[in-house]
Amino acid sequence: MRKASLCLGIFLLSLISHVVLSAPAFADSSLSRTISNRSMTCDATAIDWKAANIAGFHHYKAGDYDLAMRCYKRSIEINPHFAIVHNNLGVLLLKTSKLKLAEKHFRKACTLDPSYVKAILNLAVTNYRLGKKAKAKKLFSKAESLDRNYVAQRVTNYKRALWLP
């Protein structure tokens, strides 16, 4: 039974990743209020990695993926040890079907923070879509062991998005 629910969970996460992805995150929500959608271009002069990540989040939500990618990459240039921005860039890459690059950034996020459940689930989805089902199952199990409620909520959300019982 557990194996069946594990397979169903991974399948649902993978299937819905084409439609709905977990939104990128940012570390300090108070900073987000100070950045409007186009106030930061994330060019080479940007020096605040948190602000670049938040600007990337806003551009992602606005559908400006090129600018979001520039912001996330700039944030990583400034501080490559920030797991959240690697996950955010991975979400963007997954959304644009750049699976190998997404896998690289999700793996980096998991290395930087081994208990980062969002990154672990995103890596599981990416591995599943790359045909690495055994790795995906292992990652999904790890995520469940870290935060069963969060994983269950994501699967429930995906079922709702697909109108499944």
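Here are some worked exercises on the predicted model shown above.

**Exercise 1. The overall fold**

Task: Work out which secondary-structure elements the protein chain has, and in what order they run.

Solution. Start by counting elements: the protein chain has nine helices and zero strands. Next, read from the N terminus, which gives the order α-α-α-α-α-α-α-α-α. Now turn to the packing. The protein chain has 165 residues, and 47% of them count as buried. Among contacts with a separation of 6 or more, 61% join residues that are 24 or more positions apart. Finish with the surface: about 8,500 Å² is exposed, and carbon and sulfur atoms supply 58% of that area.

**Exercise 2. Helix 9 and its faces**

Task: Check the span of helix 9 against its number of residues, then find where its buried residues lie around the axis.

Solution. Step one is the span. Helix 9 covers residues 148–161, and at 1.5 Å a residue its 14 residues should span 20 Å; the end C-alpha atoms are 20 Å apart, so expectation and model agree.

Step two is to list the buried residues of helix 9, which are V151, R154, V155 and Y158. Viewed down the axis of helix 9, these buried residues fall within an arc of 95°, so they line one face of the helix. A general rule helps here: an α-helix has 3.6 residues a turn, so residues three or four places apart point the same way.

Step three is the other side. The exposed residues N149 and R160 sit on the face of helix 9 turned away from its buried side. Finally, look just past the end of helix 9, where W163 takes a positive phi of about 60°.

**Exercise 3. The surroundings of V151**

Task: Decide whether V151 is buried or exposed, and find which residues it touches.

Solution. First, place the residue: V151 is found in helix 9. Then apply the cut-off. Buried means under 20% relative accessible area, and because V151 has a relative accessibility of 2%, it counts as buried. Leaving out residues up to four places away in sequence, V151 touches V117, L121, F140, A143 and E144. For a distance in space, take K118: it is 33 residues from V151 in sequence, with the two C-alpha atoms 8.8 Å apart.

**Exercise 4. Salt bridges**

Task: Find how many salt bridges the whole structure holds, and describe the partners in the one between R74 and E77.

Solution. A search of the whole structure gives four salt bridges. In the bridge between R74 and E77, the N to O distance is 2.8 Å. Both residues belong to helix 4 (residues 65–78), and because they are three residues apart, about one helical turn separates them. Their accessibilities can be read next: R74 is buried at a relative accessible area of 14%, whereas E77 counts as exposed at 57%.

Now move to helix 6 (residues 99–112), where R107 and E103 are four residues apart, again about one helical turn. Their closest N and O atoms are 3.1 Å apart in a salt bridge. R107 is partly exposed, with a relative accessible area of 43%, while E103 is buried at 4%. Following the links onward, E103, R107 and K132 are joined in a network of salt bridges.

One more bridge leads back to helix 9. E144, one of the residues that V151 touches, forms a salt bridge with R148, and the closest N and O atoms are 3.8 Å apart. Here E144 is buried with a relative accessible area of 13%, and R148 is partly exposed with 48%.

**Exercise 5. Aromatic pairs**

Task: Find how many aromatic pairs there are, and classify each by its geometry.

Solution. The count comes to two aromatic pairs. W49 and F82 form an edge-to-face pair, 4.2 Å centre to centre with 65° between the planes. W49 lies in helix 3 (residues 49–61) and F82 in the loop between helix 4 and helix 5 (83–95), so this pair ties together parts that are 33 residues apart in sequence. W49 counts as partly exposed at 23% relative accessibility, and F82 is buried at 9%.

For Y60 and Y65, the ring centres are 5.6 Å apart and the planes lie at 35°, so the pair is tilted. To finish, check the burial of each partner: Y60 counts as buried at 8% relative accessibility, and Y65 as partly exposed at 26%.

Notes:
Residues are numbered from 1 along each chain as its sequence is written. This is a predicted model: local features need pLDDT of at least 70, side-chain atom pairs count only at pLDDT 80 or more; totals for chains, interfaces and linings use all residues. Side-chain values use heavy atoms; hydrogens and water are left out. Helices (H or I, at least four residues) and strands (E, at least two) are DSSP runs, numbered from the N terminus. Buried means under 20% relative accessible area, exposed over 50%, partly exposed in between (1.4 Å probe, protein chains only). Contact means heavy atoms within 4.5 Å. Accessible areas come from the Shrake-Rupley method with a 1.4 Å probe; for residues, only the protein chains shown count as cover. The expected span of a helix is 1.5 Å times one less than its number of residues. The arc is that of the directions from the helix axis to the C-beta atoms. A salt bridge is a side-chain nitrogen of Lys or Arg within 4 Å of a carboxyl oxygen of Asp or Glu. Rings of Phe, Tyr and Trp (its six-membered ring) pair if their centres lie within 6.5 Å; planes under 30 degrees apart count as stacked, over 60 as edge-to-face and the rest as tilted.
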